[in-house]
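The following exercises are to be worked with the sequence and coordinates at hand. Each task is followed by a solution in steps.

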Amino acid sequence: MCIMLCSGIFGNAVRWIFSSGTTSEGNLFITLFYGTGLAFLLLSILLHLDRIKLDMIILPISILLLLLFSMINSDTLYEVERQGIISEVFLIALPIYFSTRLVRNYQRFWRMLMIFSHISLLLMIASFFFANVGSRENYKTFSNCVIVIAGVYLIEWLYNDGKKWNAVAAMISFFLIATCGRRSSLVSLLLLAFIICIIKKKYKLIIAALILGVFLLFMWRPLIEYLYDVIKSFGVRPRILLRILMGNVTDDSYRFDQWQYGLDLLGSSLSSALFGYGLVGERHLYLEHFDHMINHGYPHGIHVEMLLHFGLILGIALLLYLSVFGPIRFIRQNHLNTSKMALFLLAFVLFSTLFLQNSYVDTSWFYFYLAMLVPTISRRKKAKSYEADIIESNSIEQIQSGSIGQLQSSSIGQIQSSINDQEVE
């Protein structure tokens, strides 16, 4: 799972650092790296067939049927084929879902993800100096790479109360996005930091951030101009700083127009409002309507996109579960399991970007987040799921370290009875 989550980071770093901006070497590395992750996934499935859940079968079949139903429309069929949506969903996005559902030892996974983040941060810092990562061609990809790293370090620093140097790494990652990334990524990271501070009751940190923000208001212009000149001297286009200096940092980049058009489509007929246009059924309409859209044609907002795909009734129900009821239910069930909560917070911050960018249909982050929420649908009580996870994790690590003989027979009995009493996710 770590390999697949970080394949884009590693591959694009190869392109930016070693290939002088060409894409072929980077794309080849991404393919090889992600292919390795898929091979490990297939091996994991073969070794752990008992972990295959019903949702892992139902979800891909449902998506395929929804796409086939939408492709009855010839325009939608053309866009699905042209944009390679089927391969994006089934070869790139869904494997992330399967990998997430197979994870049991969340503590070990988080440690491994931290190692990958250390390497990724070094690669992104190097990319910052070797390539123009803030250019129109690179800034979206660069921001999508760094937000994963920034999310991991923010969670390790604020939620896991990790070592202080994690705060430095988080600030470096935040700086990279705040200068050459996407504004939506900044909003998501600030939301993540705020949520963690509320959960962990770090109110002093919130107050300190507000004071710092007020102070920066008085030093805003000189500081931005200085940072812009410094970064520009490295041959890098600091996109967000440039927007601030030009006075259009709050420009919506057609978002409100795109959302309004989507709502107009829903209101065009009763059938559209009730049932929507089907999965990706709106894309050809967006491409015809907006001159600035060339390749994809989606609303850049999961809240509008889901309404267009499923209609008002089902669409609103799905959105409420994904953004409100699902997260609340997950936190109630797993708030004691620090490692599982850390992974969920990372998935949540990545999911939150979909309200302002990209399409959820073929975005791996959406399936990462969905895989964390799906177990909460079960009505079975999991109040003690934390103990079950810890028992399983500890027993796995003791077996792998060769120390299983040190377990007392009574402990083994407790482990077995606890696992039998609970559903171990």
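**Exercise 1. Determine how the end-to-end reach of helix 16 compares with its expected span, and how far the helix is covered.**

Solution. The model is a predicted one.
Step 1. Helix 16 consists of 15 residues. The expected span is 1.5 Å times one less than the number of residues, which for helix 16 gives 21 Å.
Step 2. From its first C-alpha to its last, helix 16 reaches 21 Å, close to that expectation.
Step 3. Of the 15 residues in helix 16, 14 are buried, and the helix is therefore mostly covered.

**Exercise 2. Locate Asn337, classify it as buried or exposed, and identify the backbone atom that lies 3.2 Å from a polar atom of its side chain.**

Solution.
Step 1. Asn337 belongs to the loop that joins helix 15 (302–334) to helix 16 (338–352).
Step 2. Its relative accessible area is 4%. Because buried means under 20%, Asn337 is classed as buried.
Step 3. A polar atom of the Asn337 side chain is 3.2 Å from the backbone nitrogen of Lys340.

**Exercise 3. Compare the settings of Lys201 and His300, each of which has a positive phi.**

Solution.
Step 1. Most residues other than glycine have a negative phi.
Step 2. Lys201, not a glycine, has a positive phi of about 60°. For His300, also a residue other than glycine, phi is positive and near 60°.
Step 3. Lys201 sits in the loop between helix 9 (183–199) and helix 10 (203–232), while His300 sits in the loop between helix 14 (283–289) and helix 15.
Step 4. Lys201 has 61% relative accessibility and counts as exposed; His300, at 14%, counts as buried.

**Exercise 4. Establish how many disulfides the structure holds, and examine Cys2 and Cys145.**

Solution.
Step 1. The number of disulfides is zero.
Step 2. For Cys2, the nearest cysteine sulfur is that of Cys6, at 6.2 Å. A disulfide requires sulfur atoms within 2.5 Å, and Cys2 is in none.
Step 3. Cys145 is likewise in no disulfide, its nearest cysteine sulfur being that of Cys6, 9.4 Å away.
Step 4. Both cysteines count as buried: Cys2 has a relative accessibility of 6%, and Cys145 one of 5%.

**Exercise 5. Describe the volume and lining of the second largest pocket.**

Solution.
Step 1. The second largest pocket holds about 800 Å³ of space.
Step 2. It is lined by 22 residues, and those closest to its centre are Met1, Ser44, Leu102, Val103 and Phe109.
Step 3. Two or more lining residues come from each of helix 1 (2–18), helix 2 (24–47), helix 5 (85–102), helix 6 (106–130) and helix 18 (385–400). Helix 2 gives the largest share, six residues.
Step 4. By class, the lining of this pocket has 13 nonpolar, six polar and three charged residues.

**Exercise 6. Count the cavities of 30 Å³ or more and characterise the second largest cavity.**

Solution.
Step 1. There are four cavities of 30 Å³ or more.
Step 2. The second largest cavity has about 60 Å³ of space. Eleven residues line it, with Thr100, Arg101, Tyr106, Ala371 and Pro375 closest to its centre.
Step 3. Helix 5 and helix 17 (364–373) are the elements that give two or more residues to this lining.
Step 4. The lining of the second largest cavity divides into six nonpolar residues, one polar and four charged.

Notes: Residues are numbered from 1 along each chain as its sequence is written. This is a predicted model: local features need pLDDT of at least 70, side-chain atom pairs count only at pLDDT 80 or more; totals for chains, interfaces and linings use all residues. Side-chain values use heavy atoms; hydrogens and water are left out. On a 1 Å grid over the protein atoms alone, a cavity is a set of points where a 1.4 Å probe fits but cannot get out, and a pocket is an open set with protein on both sides within 12 Å along at least five of seven lines; lining residues have an atom within 4 Å of a point. Grid points are joined across faces, edges and corners, and a volume is the space filled by probe spheres set on the points. Helices (H or I, at least four residues) and strands (E, at least two) are DSSP runs, numbered from the N terminus. Ala, Val, Leu, Ile, Met, Phe, Trp, Tyr, Cys and Pro count as nonpolar, Asp, Glu, Lys and Arg as charged, and the others, Gly among them, as polar. Buried means under 20% relative accessible area, exposed over 50%, partly exposed in between (1.4 Å probe, protein chains only). A polar contact is a pair of N or O atoms within 3.5 Å; within protein, one must be able to donate a hydrogen and the other to accept it, and residues adjacent in sequence count only if both atoms are side-chain atoms.
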